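This briefing covers the salt bridges of one protein model. The structure comes first, followed by notes grouped by topic.

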Amino acid sequence: MANVEKHTILPLAERPAYRDIVARWIWEHWHDHSGLTEDQTRTRLNDPSDCPATLVAEENGAACGFGFMTPETSTIEALFVSPARHRRGVGGTLLGELERRARGLGLTRLHLNSTLNAEPFYQAN
């Protein structure tokens with residue numbers, strides 16, 4: 001059984017102090033796809049209207065993951081959990097909250113592109 005610790009999922013706009021770490025994670029893992037620098041990524045995150053569907057996972061007072069979607073295209077753009085927090089339920093909780101919010105917006109289907117190593121996670125969730 002996975003070790004599930006208490007974590008909270010909330011909009012990044014409610015935890016502006018986490019924008020730097022989320023920008024770093026985005027840049028480290030997706031910069032070759034986004035074409036943005038780390039500073040440009042941080043600037044976009046500083047504008048809540050530019051990233052309204054960005055969620056952050058918080059555990060023991062620290063950011064441990066994030067996810068964001070683009071409702072206009074029904075797309076989950078990214079889901080990331082700090083390696084130190086893998087297999088503790090954070091990713092599944094983030095995905096579930098993104099799905100819940102999508103349903104609240106009237107979306108009936110979501111799309112995503114993923115690496116092959118993440119496929120088992122998405123199949124299980």
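The notes below deal with charged side-chain pairs and their exposure. The model is predicted. It has 4 salt bridges in total, and three of the pairs are described here: Arg15 with Glu58, Arg100 with Glu97, and Glu97 with Arg101.

**A pair between separate elements**

- Arg15 and Glu58 form a salt bridge in which the closest N and O atoms are 2.9 Å apart.
- Arg15 sits in the loop between β1 (8–11) and α1 (19–34), while Glu58 belongs to strand β2 (residues 54–59), so this contact ties together parts that are 43 residues apart in sequence.
- The Arg15 side of the pair is partly exposed, at a relative accessible area of 31%.
- Glu58 is buried, with 12% relative accessibility, because the cut-off for buried is under 20%.

**Pairs within helix α3**

- Arg100 forms a salt bridge with Glu97, and their closest N and O atoms are 2.7 Å apart.
- These residues, Arg100 and Glu97, are 3 residues apart in helix α3 (residues 90–104), a separation of about one helical turn.
- Glu97 also forms a salt bridge with Arg101, with 2.8 Å between the closest N and O atoms.
- Glu97 and Arg101 are 4 residues apart in helix α3, which is about one turn of the helix.
- Through shared partners, the salt bridges join Glu97, Arg100 and Arg101 into one network.

**Exposure within the network**

- Glu97 is buried, with a relative accessible area of 15%.
- Arg100 is partly exposed at 44% relative accessible area.
- Arg101 is partly exposed at 28% relative accessible area.

How values were computed: Residues are numbered from 1 along each chain as its sequence is written. This is a predicted model: local features need pLDDT of at least 70, side-chain atom pairs count only at pLDDT 80 or more; totals for chains, interfaces and linings use all residues. Side-chain values use heavy atoms; hydrogens and water are left out. A salt bridge is a side-chain nitrogen of Lys or Arg within 4 Å of a carboxyl oxygen of Asp or Glu. Helices (H or I, at least four residues) and strands (E, at least two) are DSSP runs, numbered from the N terminus. Buried means under 20% relative accessible area, exposed over 50%, partly exposed in between (1.4 Å probe, protein chains only).
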